[in-house]
Amino acid sequence: MQGFLDRIGDVPVLTDAEGIRERSLDTYWKAAALARDGRALLPDAIVRPRTAEEVASTLAAAAAEGVPVVPRGGGSGSQGGAVADAGGIVLDLSALDEILELDTSALTVRAQAGVPGLRLEEWLGEQGYAFPHYPASLHLAQVGGYLAAKGSGVLSTKYGKIEDLVASMEVALPSGELARTVPIPRHAVGPDLNQLFIGSEGTMGVITEATLLVTPAPEHRSFRVVGFEDLATGIDAMRRVLQAGWRPAAVRLHDPEATRMNLARVLDVDVSGVKLVLVFDGPKPLVETEEREVLRSLTANGGVDEGPDLAATWWENRFRIYYPPFRPELPSIWGTIDLAATFGRILPAFEAVREMMLAEYSRYGLVFTGHFSHWYTWGTMVYGRFVLEEPPDDVDAAIAIYDEIWRRSSEVILREGAVINDHHGVGLKLADDMAAQYGSAWPLLENIKRTLDPTGTMNPGKLGL
Ligand SMILES: Cc1cc2nc3c(=O)[nH]c(=O)nc-3n(C[C@H](O)[C@H](O)[C@H](O)COP(=O)(O)OP(=O)(O)OC[C@H]3O[C@@H](n4cnc5c(N)ncnc54)[C@H](O)[C@@H]3O)c2cc1C
């Protein structure tokens, strides 16, 4: 470690216990459970570079000295990606916090990786623009973390996931170099290197800056709830809407348990059954036409129009579920199994996961909900959210159950032809399932990692690399 510290010169370093503890966790349940048991997974030091050049020189020093580097944005990730389970340094990117340039004709904004999501949104909003990536962690996450964990916002059905909202990036490489990707987002000058780093979770390099695609702030927003007899009818009705070319901004289909836990309980309203919450946004005439035509199609295919009120209330209060008393607390065990699949496979995959969870974990006070909330023309994803309210008292026994849930659910998801994660990433949580997920392409990803990071110091173990 001393050799590393000598090499990085005057790049700011924190070694005090409090500073280290504050930056040692993301929102991965297992790391939090270990920390509560006095077994926190701690780095040796926190390095807080002030410039992209300092990020690059820090990576080169770490590679030369064999020191593991764990990049950290807002620390809101749920997969353990920002946890230093192998020691080394946490690279705190929060000092790279400048919004550099708004191009109002191209509708792009250039921002450093450590810019907090909420600040970017407020800054753009003051000027009549929006970055249409609204994860529920807007108030916690940073631009670099959005990209590195390949996230998705609540309006993704219309605007796309984070990988659709990037023009170009600057990345610091383990070699100590800074690389800028091609400045124009659509081109035929070879593969898109942005996509090599989006979702790479700090295993290939560190994103220091990104040029993101923004939109005018929406002129109008409207809300609707449509009820369905069952999930199959709701999914098929929504498939028809999307494949006809309509793009509601938010589309959230709740199973009866999710309606009970996420809508009735949190919003304190009397509602039950399968409910589809819709938000439309954009220019008013477009919103009015889209809302009318989408409702016409949904009601012709088994839906019952239940008006705008519940959806508008949900939109106003959508962050409430992440705070007490609705957020689960230790010693409960919780997590989100977010799988994605084509329309033909999504419901069997979700039901197989639910059946497995009910059969194996009901004895620990399981609550299991499902809502389908990011939709594509080819399929959708579902959050299988579980809480075990009566876990064993012994922390190691609880951790064994937690690990077993991910192993079992990934097995079921892969067997059903779905993908083990839609937008939370892999981190440590799903690392052991990556080789099975990639199959014949796994050695290719391993080779890319080895080429970029020959000393293996970039976030070792994350993504299964
Ligand atoms: C309440 C809550 C709600 C959430 N809602 C959503 C949601 O709606 N949609 C969604 O997609 N996710 C959601 N998440 C998960 C999480 O917020 C996202 O994954 C987010 O993108 C992580 O950003 P972060 O800045 O906090 O990254 P961190 O947690 O700090 O890091 C995430 C990963 O990226 C790496 N990393 C961070 N910055 C960089 C960088 N500059 N260069 C290279 N690697 C880097 C880290 O090493 C780690 O592997 C939620 C989390 C919480 C706690």
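1. A good place to start is the ligand: one of its oxygen atoms sits 3.3 Å from a polar backbone atom of His423. On its own the ligand would expose 970 Å², and the protein buries 94% of that. Please keep in mind as you read that this is a predicted model.

2. Two further contacts help to place the ligand. The side chain of Ser137 brings an N or O atom to 2.6 Å from a ligand oxygen. Glu201 takes part through its backbone, where an N or O atom lies 3.3 Å from an oxygen atom of the ligand.

3. Which residues come nearest to the ligand? They are Pro71, Gly73, Ser76, Ser137 and Ser152, out of 34 residues around it. Sorted by class, this shell holds 18 polar, 14 nonpolar and 2 charged residues.

4. It also helps to see where the shell comes from. Strand β3 (69-72), helix α6 (143-148) and strand β10 each give at least two residues to the shell around the ligand. The largest share is that of α6, with 4 residues.

5. Strand β10 (residues 206-213) leads us on to a neighbour, since it pairs with β8 in the antiparallel sense over 6 bridges. Within that pairing, Ser168 has Thr211 of β10 as its bridge partner. Is β8 mostly covered or mostly open? Strand β8 (residues 166-172) is mostly covered, with 7 of its 7 residues buried.

6. Strand β8 has another partner, β9 (residues 178-180), and these two pair in the antiparallel sense over 3 bridges. Here Val171 is matched with Ala179 of β9. The two strands form a hairpin with 5 residues between them, and Gly176 in the turn has a positive phi of about 95 degrees.

7. Now to the charged side chains. The count of salt bridges comes to 36. Among them is a network that links Glu101, Arg110, Glu170, Arg180 and Glu209.

8. Arg50 and Glu54 make a salt bridge through their side chains, with N and O 2.6 Å apart. How does each end sit with respect to the surface? Arg50 counts as partly exposed because its relative accessibility is 41%. Glu54 has a relative accessibility of 13%, so it counts as buried.

9. Another pair to look at is Asp236 and Arg239, whose closest N and O atoms are 2.9 Å apart in a salt bridge. Both residues belong to helix α9 (residues 231-243), where they are 3 residues apart, about one turn of the helix. Asp236 is partly exposed because its relative accessibility is 28%. Arg239, at 23%, also counts as partly exposed.

10. What does the salt bridge between Glu306 and Lys275 link? Its closest N and O atoms are 2.9 Å apart. The pair links distant parts of the chain, 31 residues apart: Glu306 is in the loop between β15 (304-305) and α12 (309-316), while Lys275 is in strand β14 (residues 274-282). With a relative accessible area of 38%, Glu306 is partly exposed. Lys275 counts as buried because its relative accessibility is 9%.

Methods
Residues are numbered from 1 along each chain as its sequence is written. This is a predicted model: local features need pLDDT of at least 70, side-chain atom pairs count only at pLDDT 80 or more; totals for chains, interfaces and linings use all residues. Side-chain values use heavy atoms; hydrogens and water are left out. Buried means under 20% relative accessible area, exposed over 50%, partly exposed in between (1.4 Å probe, protein chains only). Two strands pair if DSSP finds at least two bridges between them. A residue is near a molecule or strand if one of its heavy atoms lies within 4 Å of it. A polar contact is a pair of N or O atoms within 3.5 Å; within protein, one must be able to donate a hydrogen and the other to accept it, and residues adjacent in sequence count only if both atoms are side-chain atoms. Accessible areas come from the Shrake-Rupley method with a 1.4 Å probe; for residues, only the protein chains shown count as cover. Ala, Val, Leu, Ile, Met, Phe, Trp, Tyr, Cys and Pro count as nonpolar, Asp, Glu, Lys and Arg as charged, and the others, Gly among them, as polar. A salt bridge is a side-chain nitrogen of Lys or Arg within 4 Å of a carboxyl oxygen of Asp or Glu.
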